[in-house]
Amino acid sequence: MTVTATRLAKPAPSLDPMIRLVADDMNAVNQVIIDRMRSEIPLIPQLAGHLISGGGKRMRPMLTLASAQLLGYRGTSHHVLAAAVEFIHTATLLHDDVVDGSDLRRGRRTANIIWGNPASVLVGDFLFSRSFQLMVDAGSLKVLNILSGASAVIAEGEVNQLTAVRQVGLAEERYLSIIDAKTAALFAAACRIAAVIAERPEAEELALEAYGRNLGIAFQLIDDAIDYTSDAGTMGKDAGDDFREGKMTLPVILAYARANDDDRQFWKDAVEGRRTSDEDFTHAVALVRKSRAVDDTMARARHYGALAIEAIRGFADGPAKAAMVEAVEFAVARAY
């Protein structure tokens, strides 16, 4: 009997197992978010709600919840802390869109385009403040230290990226330090705090932190690759945003390093803001593909994904671990 290739094909990795795993907990987190987003100033919940309800996967708070399940935690503090993680993430997005001048996120107009930059910055500040109130409510100084530390690292990463914009000679090591700070730090903290509230050994804290950090790096690497492979419908932002903003992401760093003199001049002109048309972006995509920079960026993402999966190898098998492994596979597979 012949078995068809279709029957043998493995389904594409998905976040669905994690979504199902934490569905009940996520309902509790959503209620915390709704309650703590309230304000007597109507613009605050209106603007914050626009982004929070904008179709994001809520991967970071889900990681807190899944990590708590992996450890068999039976309390409720993870609901409050997952909401704090989401508020930190949302605040950074509001600020990022102002800094980058973005007009599209997840296929919708950004808050700064609708309500203006001042309102977006101030509501981001409000959400940061709420996140710290939630950390205090959890009653753990160690959790407060981890999440407040991550918030500071994220801000440092954003400033580091800002000072690196339009620098065509940016080193790969500095790029990795930027994404480790601005993206991976919150993934790492979101996972580690579950072990703190579950009162598990430090070795388990560090294992979950390593899982989150490596997942976050892989996630950002794929995001940066997608900017040169997908359209706005796939990405939830305008194709070529990174290119037009002069960001030296890994695909550009690799393409520039492998370029001939003429192509290096193109990259220099583009990064410094002199080549930003649609035709220029099309040429940039061709150069990135010719140099196999996207392929190598994805290969690096798979490497960090493998490190994330290895970090939780020592935990007991079960639905939580399986969902966390598949979440890594999903993060890496988004570019295909």
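These are my notebook entries on one helix, the nonpolar cores, two loop residues and the aromatic contacts of a predicted model.

**Entry 1, helix 3**

I began with helix 3, which covers residues 23-36, and found that its 14 residues reach 20 Å from the first C-alpha to the last, close to the 20 Å expected at 1.5 Å a residue. I then looked up which of its residues are buried, and the list came out as Asp25, Met26, Val29, Val32 and Ile33. Looking down the axis of helix 3, I see these buried residues fall within an arc of 115°, so they line one face of the helix. I note here the general background that an α-helix has 3.6 residues a turn, so residues three or four places apart point the same way. On the other side of helix 3, I found Asp24 and Asn27 exposed. As for what the buried residues pack against, I traced their partners to helix 4 (43-52), helix 5 (59-70), helix 6 (77-100) and helix 8 (117-138).

**Entry 2, nonpolar cores**

Next I turned to the largest nonpolar core, which has 75 residues, and noted those with the most contacts inside it: Met18, Met59, Leu147, Leu208, Tyr211, Leu215 and Met324. The element that gives the most to this core is helix 10 (residues 172-197), with 11 residues. I followed Leu208 further and, not counting residues up to four places away in sequence, found that it touches Ser67, Leu70, Leu71, Cys191, Arg192, Ala195, Ile312, Phe315 and Met324. Apart from this core lies another, of 38 residues, and among them I recorded Ile217, Leu221, Ile226 and Val285.

**Entry 3, positive phi in two loops**

I also checked backbone angles, and stopped at Arg166, where phi is near 65°, a positive value in a residue other than glycine. Arg166 sits in the loop between helix 9 (141-164) and helix 10, and its relative accessibility of 31% makes it partly exposed. Glu199 likewise drew my attention, with phi near 55°, again positive in a residue other than glycine. I placed Glu199 in the loop between helix 10 and helix 11 (202-226), where its relative accessible area of 74% counts as exposed.

**Entry 4, aromatic pairs**

Searching the whole structure, I obtained 4 aromatic pairs. In one of them, the rings of Phe187 and Phe219 have centres 5.5 Å apart and planes at 45°, so I entered the pair as tilted. Phe187 belongs to helix 10 and Phe219 to helix 11, so the pair ties together parts that are 32 residues apart in sequence. Phe187 is buried at 0% relative accessibility, and Phe219 counts as buried at 11%.

I then took up Phe243 and Phe281, whose ring centres lie 5.6 Å apart with the planes at 50°, so this pair is tilted. It links distant parts of the chain, since I find Phe243 in helix 13 (residues 241-244) and Phe281 in helix 16 (residues 278-290), 38 residues apart. Both Phe243 and Phe281 are buried, and together with Tyr228 they form one aromatic cluster.

**Entry 5, arginines over rings**

Finally, I looked for charged groups over ring faces, and returned to Phe219, where Arg60 lies over the face at 5.8 Å from the ring centre. I recorded a further case at Tyr256, with Arg264 lying over the face of the ring at 4.7 Å from its centre.

Methods: Residues are numbered from 1 along each chain as its sequence is written. This is a predicted model: local features need pLDDT of at least 70, side-chain atom pairs count only at pLDDT 80 or more; totals for chains, interfaces and linings use all residues. Side-chain values use heavy atoms; hydrogens and water are left out. Helices (H or I, at least four residues) and strands (E, at least two) are DSSP runs, numbered from the N terminus. The expected span of a helix is 1.5 Å times one less than its number of residues. Buried means under 20% relative accessible area, exposed over 50%, partly exposed in between (1.4 Å probe, protein chains only). The arc is that of the directions from the helix axis to the C-beta atoms. Contact means heavy atoms within 4.5 Å. A nonpolar core is a set of buried Ala, Val, Leu, Ile, Met, Phe, Trp, Tyr and Cys residues joined through side-chain atoms within 4.5 Å. Rings of Phe, Tyr and Trp (its six-membered ring) pair if their centres lie within 6.5 Å; planes under 30 degrees apart count as stacked, over 60 as edge-to-face and the rest as tilted. A charge sits over a ring if NZ of Lys or CZ of Arg is within 6 Å of the ring centre and within 35 degrees of the ring normal.
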